[in-house]
Amino acid sequence: MKRFASIALATAIALFLHGCAGWQSALDPKGPAASELAWLIWFFTGLCAVVWVLVMIGLAAPLMMQSRERLEPLVLDAGADNRKLRVVMTAVGLTAVILVGLTLLSFFANRTLAAIGSDAALTIRVTGHQWWWEVRYEDATPSRILTTANEIHIPAGEPVRLLLTSTDVIHSFWVPSLSGKLDLIPGRMNVLDIKADKPGVYRGQCAEFCGAQHANMGTFIIAEPRAKFDAWWRDQLQPASAPMSDEAKAGKDLFLKRPCVMCHKIGGTPAGGTVAPDLTHVASRQTLAAGTLTMSRGNLAAWIADPQGVKPGSHMPVVDLSGDELNVIVAYLEGLK
Amino acid sequence: MKPAAATLLLAVLALAACQREERDTRPQSALGSGEQPTPVTTLEPGGQRPSPTDNKAASFEANAFHLSEGKRLFGWFNCSGCHANGGGGMGPALMDEKWIYGSSMESIHATIRDGRPNGMPSFRDKIPDDQIWELAAFVRSLSGNAPSSAAPSRNDDMMAHPSENRMPDAATLGKSP
């Protein structure tokens with residue numbers, strides 16, 4: 001029975017710890033900032049655990065020995081006060097040393113974090129909305145400024161400076177594998193420097209309760225080799241690809257006639273709304289609705305047909321479309337690679 | 001017995017806070033703008049377009065959620081481009097007590113949906129019907145025609161007037177009764 005219990009416990013711990021790995025975990029660092037923080041938290045936790053165990057032993061030991069001492073309660077022990085004083089002073093001294101040590105560690109870790117982006121060549125402006133992320137790649141040449149949504153492409157191995165702000169409520173930007181969290185505050189610009197050591201996809205999540213769909217406000221950091229990143233930027237700057245099939249052409253016309261055009265932008269068409277995600281290359285993204293649905297024709301249709309069913313309370317309204325209208329619009333959006 | 005009664009009273013009071021306004025975020029899409037009566041001509045004198053009373057008008061005009069959504073849409077769709085946050089510019093002011101085509105929800109809804117002479121464009125098929133009703137409800141609140149408990153509060157940017165829930169009541173024009 002005891003053996004069964006220990007196996008069950010080991011299984012439970014293994015299942016629980018399984019959540020620590022993967023593309024969204026502070027315990028699975030993939031960048032210098034996250035590694036620094038992970039190392040710091042492990043060291044703090046380890047040291048505090050050791051101190052806790054020592055204190056427990058220190059408390060338990062006299063309790064165990066008490067009965068023996070009680071045998072001769074009236075015998076005077078001249079050295080007892082001195083010994084007690086020494087024990088207390090040692091404990092106080094050790095506490096001070098540990099506190100100062102941890103403070104210094106934390107200070108140097110902070111310095112390392114602050115130094116990551118001091119020579120960042122790329123600046124990205126991330127704006128939080130209920131409930132999606134607007135991502136704007138800054139460039140000295142105005143025609144190279146690029147606005148996308150929900151996915152942040154960065155060159156791997158290079159520091160990137162993120163300027164964080166919000167348009168409605170306070171959000172928080174958190175990609176646990178790469179960095180700590182920082183708030184996005186309306187009317188204020190916060191600066192966060194991130195760096196991914198290796199190419200890969202890291203998931204981020206809004207970390208400040210910001211309304212009904214707070215949990216469905218995900219983002220993806222896609223770190224790529226520099227050449228691939230530059231090629232991606234060039235591709236994204238192109239206007240949307242022209243619809244090829246008759247179905248997609250009808251979809252484009254309908255898109256421009258119906259409420260879609262009031263909020264969304266599609267580069268190279270009259271659609272120029274800026275209050276909702278830019279759809280110029282929407283089909284090239286991995287997910288829909290800020291990490292809620294994977295990108296597919298079926299999910300596009302489901303999202304447009306009933307956004308309030310997928311993300312209740314989101315600002316995308318239910319638009320009255322017939323089945324045929326929905327089909328052609330999805331056919332058009334699907335081609336926006 | 002007394003502490004029990006007090007506890008019960010507190011519980012009842014606490015439960016009263018659970019009552020909250022219903023948010024209808026998922027309207028019946030089958031009842032879209034296609035169901036609205038289409039005017040046969042845009043030429044007409046005055047503002048006396050036939051507008052049957054609509055039960056949406058009553059359910060939207062005093063609903064805090066719809067009013068605040070209307071405020072958001074007013075900014076998003078750049079109504080301020082002509083109406084300057086209700087203060088009026090190229091388009092008429094919306095925060096005063098003058099209504100060229102009447103102050104009813106139905107009339108404002110028709111204005112947004114079908115447009116009016118002298119520049120108000122038609123947003124038929126461009127704004128879903130429920131969102132037009134939300135805009136109409138917000139436009140009415142600009143002149144104090146909404147209960148201050150439901151009207152939207154704090155403006156996020158510079159406005160031509162105080163927030164809608166601090167506007168003087170249009171019925172009394174700000175005078176004490």
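This is a short tour of a predicted model, going through two sheets and a helix of chain A and then the interface with chain B.

Residues are numbered from 1 along each chain as its sequence is written, and chains are lettered from A and ligands numbered from 1 in the order in which they are written. Because the model is predicted, local features need pLDDT of at least 70 and side-chain atom pairs count only at pLDDT 80 or more, while totals for chains, interfaces and linings use all residues; side-chain values use heavy atoms, with hydrogens and water left out.

**First sheet, chain A**

Select β3, β2, β1, β5 and β8 of chain A, which in that order make an open sheet of five strands with mixed pairing. Strands here are DSSP runs (E, at least two residues), helices are runs of H or I of at least four residues, and both are numbered from the N terminus. Two strands pair if DSSP finds at least two bridges between them. At the edges are β3 (146-149) and β8 (190-194) of chain A, each pairing on one side only. From one strand to the next the twist averages 25°. Axes are lines fitted to C-alpha atoms, for helices over the stretch in contact, and angles run from 0 to 180 degrees between N-to-C directions.

Go next to β1(A) and β2(A), which form a hairpin with two residues between them. They run antiparallel and are joined by six bridges; find A:Gly128 opposite A:Trp133 in β2(A). β2(A) also pairs with β3(A), in the antiparallel sense over four bridges, and there A:Val135 stands opposite A:Thr148.

At the other side of the tour of this sheet, show strand β5 (residues 160-166) of chain A, which pairs with β8(A) in the antiparallel sense over five bridges. A:Leu164 faces A:Asn190 in β8(A).

**Second sheet, chain A**

Now select β4, β10, β9, β6 and β7 of chain A, another open sheet of five strands in that order, again with mixed pairing. Its edge strands are β4 (151-155) and β7 (182-184) of chain A. Neighbouring strands are turned by 30° against each other on average, direction ignored. Within this sheet, β9 (residues 200-206) and β10 (residues 218-224) of chain A are antiparallel partners over six bridges, with A:Gly204 opposite A:Thr219 in β10(A).

**Helix α4, chain A**

Select residues 226-237 of chain A: this is helix α4, lying across β1 (122-129), β2 (132-137) and β3 of chain A at about 95° to β3(A). α4(A) also lies across β4 and β10 of chain A, at about 135° to β4(A). Contact means heavy atoms within 4.5 Å.

Show the side chains of A:Arg226 and A:Asp230, a salt bridge with its closest N and O atoms 3.5 Å apart. The rule asks for a side-chain nitrogen of Lys or Arg within 4 Å of a carboxyl oxygen of Asp or Glu. The two residues are about one helical turn apart because they are four residues apart in α4(A).

**Interface of chains A and B**

Finally, show both chains: 16 residues of chain B are in contact with 17 residues of chain A. Together the chains bury about 1,500 Å², 63% of it on carbon and sulfur atoms. Buried area is the accessible area (1.4 Å probe) that two parts lose on being put together, summed over both. Select B:Arg26, B:Trp76 and B:Lys126, which supply 38% of the area that chain B buries against chain A, more than any other three residues. How many salt bridges are there between chain B and chain A? The count is zero.
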